[in-house]
Amino acid sequence: MRLSRMGASFPTRLSFMRSLLRRMHRENWWFEQRRFDLDVQGFGTVVLTAHTPSRAYSLVAFSHDLPPEKRTDRVIAEAWDATFSLYDGIPSDTDIARLAANTPKQEAGRFTPRELVLGRANRSLRLFSHVTERLAAGQQPDIETVAGVGYLMRTTAVYGSGKFGCGDRALIADRPELQGAFQVEMLAVWLFRWFTVMLIEHLARERGGDSAVPLAPEVRGFLGVGNATGLGMAPFLGRHPQLVHAWVTARETALARVRSLPEATDETRAAFQRLLVRARQHVGEWQVDDPQQMVRIAGLHQDLARLSEAAPGLLDAAAPWDRVWQFGQARLGVEAQELLLSLLLEPHGALVDDLAEQMHVSEHVALDPAMRLSELRRLIAAQQGWVDALALDGPETEARFWYYSEEKLEPRLGHRHAEPGGMLEMPLAFARDIRSLVADLEQAEAEAVDDTIVAAFLLRHPQHRHTVRRVQSIAGLDYAEVRDNLVADGVRPIDLLRFKLAFFGASKFDPKSDLWTRITLFQGAPQPDELADADPDGWAFAIRPANGI
Amino acid sequence: MAVLHLSFGELSFYCCRAAFGAGLPWGLAEDAAVTATWLAQQGHDPAPLLAAALVSLTDDAAETSVKLEQSETGTILTTDGERPLSALVSGPSAADWWQVMKQDPAARLVVRNVDLPGWVIACIAARTGDGLASARPSGGPGDVVMSADGGGAKSSGGTTHAGFVTVDHAAWAIVQRHFRRSLVPSTDASRSAGAGAGLVDTD
């Protein structure tokens, strides 16, 4: 759980998008377009409904005219090309009218518990124009151009869990289909991806008339949904340590199961080799502007070539998957090691997919006021020993601070010694806070005539209440914490973002700075109207279709 | 009376940061959010009590230093100051001590001269399930007394699942005013250093 490794994460078959598609396929969900009311310019309302065996969920999407001067991916934006809500059930005309008055306002709107997700998105202008023109002229888009972007629209925020009056997670947490982490948000985004295809084909028809053609199935499947993600995701990892532990435990357990297999079957060996070829092509198509990431991608490419050479021999020996893993640890860089983990899980669905059902928890954060201070110190020594290895002295070790700006609550990362607001920082300086708590515990122990309890200690030191509760709540959870200093000079929030986004199932990480990244979601996945006849797991390491379709 | 519907998640978010904005350490602010959410889940509007407690704190009308005294009559949380104790500060400590003591049949906890006794009782009830029966939704400074022989009455209410809480608009405006104190003012420098800054999104 170090930032350097978290920042090299890749999606796996346990990622949330993958488990969602498996469930929908297994349970025979079906999908319908209930409303399609777009004008000649593509502005208007679309309602797309997903039917589970027992419920319905509807994406209510609005397409807008966005003036160029208002186009930005930032949280502080106030207008977008499209906005959407995921409605719990099938919305009436009255519901749609209510949403039409609120969803386009996003944070400034008000919602009800029937709305489970709120989001917005902007077009990729160069790809959107190119695809529209080509389809209108009866041609498919140039696949190089499509691959250069990967999506028609990118979401810039997707809110769930009770934001702005929407339904709390507690309202849906007992529904099997939405119990898993971020399943409802993933469902909304996947339906929105379908909307982007419908929108562009509509515009092509309006422009080209009878000459227009729909997207070829290969292109349609290759188009994902983009996403621009900034600092808002990072505090989530700090606020939900028990959940993060569950995610990582599932992944590590899956890896351990695969490594413990005594032999490889012909089928899994062939699948691994096939996926390795595909992953190399996928990485070869991964082009970004960021020079640092391009260096990492180049290194990854070389490492995968090395792995390809070694794999046949490794797989012929006893305990083949463990040997492959050990080879990775000894010979490959961290990006390749993380991708190798994904490759190892991929052919072993029957062995590991049940773990996807364990990636959610009912979080219980509680203070134990009766705990003796000696016990608390033992707990910290056992659990937070990693803090001792960090340099935490000197101004550079707390040079940054995380905060919410008064400007639309945009999360920001300030410079503590140069900007105001350090006193209002979010509680993400875990290492520093642990160190401070330990110092006061030692002092209390030196002063006390007997071993007092936490309740008494916190009367005198209320500033440690958050840290004590956190320490107690994650006792025994080895993967709950980021074992680094999140306020040090040089901290890269993007490492936290990539870790979380990989669990979502995102690919094609495209860092735009240390603070934010663009990604692609659902690239290569079946569209809703294709799912019934598709392999729900056949889209790992998406590669572009051949040109000239 | 103007009202506003809030999800429980939203309520928790704003209440935590409002308490933090009022100057409480983060851990006590978390307790304020837990208490407010628990009240809402029981079907009560937490905004009037919380607003009064926040104002008491930021108007410097309450003591924030809690002192523990042990006597023959029980455990006492009090203060050396002349003003009432802040419920936002003493409530979590009262819940701590009641949780520690409640199994003792002779247990008796007194929180002396609290600015909002109802909030302290709600804190205790949110943590232990005891005391709701004696909670007062409003009222001025006073003592809170919990005893194992009856004062620690069991909560009768289960969690309601309306999916939202309706809050008094005026009281919520006060909570929001304190919430805004938890936000860092935006400057040209911070704006231009934010994630995505300077980008022309025409790709």
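Two residues are in contact here if their C-beta atoms, placed from the backbone, lie within 7 Å. This is a predicted model, in which local features need pLDDT of at least 70 and side-chain atom pairs count only at pLDDT 80 or more, while totals for chains, interfaces and linings use all residues. Residues are numbered from 1 along each chain as its sequence is written, with chains lettered from A and ligands numbered from 1 in the order in which they are written.

**View 1. Helix 17 of chain A and its two packing partners.** The buried residues of this helix pack against helix 16 (373-383) and helix 19 (465-473) of chain A. (Helices are DSSP runs of H or I with at least four residues, strands are E runs of at least two, and both are numbered from the N terminus.) Helix 17 itself, residues 430-447, has 18 residues and reaches 26 Å from its first C-alpha to its last, close to the 26 Å expected at 1.5 Å a residue; that expected span is 1.5 Å times one less than the number of residues.

**View 2. The two sides of helix 17 of chain A.** Phe430(A), Ala431(A), Asp433(A), Ile434(A), Leu437(A) and Leu441(A) are buried. They sit on the same side of the helix because they cover an arc of only 155° around the axis, the arc being that of the directions from the helix axis to the C-beta atoms. Over on the other side, Ala439(A), Glu442(A), Gln443(A), Ala446(A) and Glu447(A) are exposed. (Buried means 20 or more other C-beta atoms within 10 Å of a residue's own, exposed means 12 or fewer, and partly exposed is in between.)

**View 3. Where chain A meets chain B.** Here 51 residues of chain A are in contact with 36 residues of chain B. Helix 18 of chain A gives the largest share of chain A's side, four residues. Sorted by class, that side has 24 nonpolar, 13 polar and 14 charged residues. (Ala, Val, Leu, Ile, Met, Phe, Trp, Tyr, Cys and Pro count as nonpolar, Asp, Glu, Lys and Arg as charged, and the others, Gly among them, as polar.)

**View 4. Two positive phi angles in chain B.** Most residues other than glycine have a negative phi. Asp60(B), not a glycine, has a positive phi of about 60°. Asp60(B) is in the loop between helix 3 (47-58) and strand 2 (67-71) of chain B, and counts as exposed with 9 C-beta neighbours inside 10 Å. Asn113(B), also not a glycine, has a positive phi of about 50°. Asn113(B) belongs to strand 4 (residues 108-114) of chain B and is buried, with 21 other C-beta atoms within 10 Å.
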